[in-house]
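This briefing goes through one protein chain by topic. The sequence and structure come first, followed by the notes.

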Amino acid sequence: MSQQSFSHWNADPLAQYPIGPSGLPLISCPDCGDRTVEGSSRKNGGMVFFKCINYESHVPGACGFFKWITEYRKVVAARRQQLIGGLVPSCSGANNHPIRSSNEASHGKLVDGADLKLIVPNLGFEQKMDKLISLVQFLVVISVVICIVVFFGVVVLLVK
């Protein structure tokens, strides 16, 4: 192998994709190949989601790619594994379990014989951080409400 081919071994295969606000790469849509975007749901307490730019719920023929952050992490891990699989030369006995489509991988199927839970090791930490962020946001809202109540109390006392 040449010296140049070794430089690819340490590179993150997802470095070509932009990074979203959550720190996860915005990979191309596994269903249609277009861009994905990151957002947060007001209805679900600010939970982060990822969707294809062509996603339209209840529209026939539109792309159906929509994942909450926990599911999207699995899709990203599968894409990373898929890209790494394309860079690593196969050896005898290696790749006994071929990489399946990202859509199958996102449903918890095996990728190269490894369970997706092993590919995303800090999922519990991320869930704890999400809960902590939600709690901090709630405390900020309560503090703002208390400040407003105190302000109006002071105004009422001054008017009397």
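**Annotated segment and overall make-up**

In an unreviewed entry, UniProt lists residues 135-159 as a "transmembrane region". The model shown here is predicted. In it, residues 135-159 are 100% helix and 0% strand, and the C-alpha atoms at the two ends of the segment are 36 Å apart.

- The protein contains 5 helices and 3 strands.
- Read from the N terminus, the order of elements is α-β-β-β-α-α-α-α.
- Of the 160 residues in the protein, 21% are buried.
- Taking contacts between residues at least 6 apart in sequence, 41% join residues at least 24 apart.

**The sheet**

- The 3 strands make an open sheet with the order E1-E2-E3 and antiparallel pairing.
- Strand E1 (36-41) and strand E3 (66-68) are the edge strands, each pairing on one side only.
- From one strand to the next, the twist averages 25 degrees.
- E1 and E2 run antiparallel and are joined by 6 bridges; within this pairing, Gly39 has Phe49 of E2 as its bridge partner.
- The hairpin of E1 and E2 has 5 residues between the strands, and Gly45 in this hairpin has a positive phi near 65 degrees.
- Strand E2 (residues 47-52) also pairs with E3, again in the antiparallel sense, over 3 bridges.
- Two of the residues with bridge partners in E3 are Phe49, whose partner is Trp68, and Phe50, whose partner is Lys67.

**Met47 in strand E2**

- Met47 belongs to strand E2, and its relative accessibility of 39% makes it partly exposed.
- Leaving out residues up to four places away in sequence, Met47 touches Gly39, Ser40, Ser41 and Trp68.
- Met47 and Lys131 are 84 residues apart along the chain, yet their C-alpha atoms are separated by 9.9 Å.

**The loop between E2 and E3**

- His58 is found in the loop between E2 and E3.
- With a relative accessibility of 80%, His58 counts as exposed.
- Most residues other than glycine have a negative phi.
- The phi of His58, a residue other than glycine, is positive, near 65 degrees.

**Aromatic pairs**

- There are 7 aromatic pairs in the structure.
- One of them joins Tyr55 and Phe66: the ring centres are 5.4 Å apart and the planes lie at 35 degrees, so this pair is tilted.
- Tyr55 sits in the loop between E2 and E3 while Phe66 is in strand E3, so the pair ties together parts 11 residues apart in sequence.
- Phe66 counts as partly exposed because its relative accessibility is 26%.
- Another pair is Phe151 with Phe152, where the centres are 5.7 Å apart and the planes stand at 65 degrees, so the geometry is edge-to-face.
- Phe151 and Phe152 are both exposed.
- Phe49, Tyr55, Phe66 and Trp68 are linked by ring pairs into a cluster.
- Two members of that cluster, Phe49 and Trp68, are also connected in the sheet, since Trp68 is the bridge partner of Phe49 in E3.

**The nonpolar core**

- In soluble globular proteins, nonpolar side chains tend to be buried together.
- The largest nonpolar core here has 14 residues, and those with the most contacts inside it are Ile27, Phe50, Phe65 and Tyr72.
- E2 and helix H2 (69-87) each supply at least two residues of this core.
- H2 gives the most to this core, with 4 residues.
- Which residues does Ile27 touch, not counting residues up to four places away in sequence? Its contacts are Leu14, Tyr17, Thr36, Tyr72, Val75, Val76 and Arg79.
- Tyr72 thus appears twice: it is listed with Ile27 among the core residues that have the most contacts, and Ile27 touches it.
- Phe50, also on that list of core residues, has Lys67 of E3 as its bridge partner.

Notes
Residues numbered from 1 in each chain as written. Predicted model: local features only at pLDDT ≥ 70, side-chain atom pairs only at ≥ 80, totals over all residues. Heavy atoms only, no water. UniProt positions renumbered as here; feature names shortened; annotations may be inferred. Pairing = 2+ DSSP bridges. Axes fitted to C-alpha atoms, helices over the stretch in contact; angles between N-to-C directions. Phe/Tyr/Trp six-rings, centres within 6.5 Å; stacked < 30°, edge-to-face > 60°. Buried < 20%, exposed > 50% of the residue type's maximum accessible area, 1.4 Å probe, protein only. Contact = heavy atoms within 4.5 Å. Core = buried A, V, L, I, M, F, W, Y, C linked by side-chain atoms within 4.5 Å.
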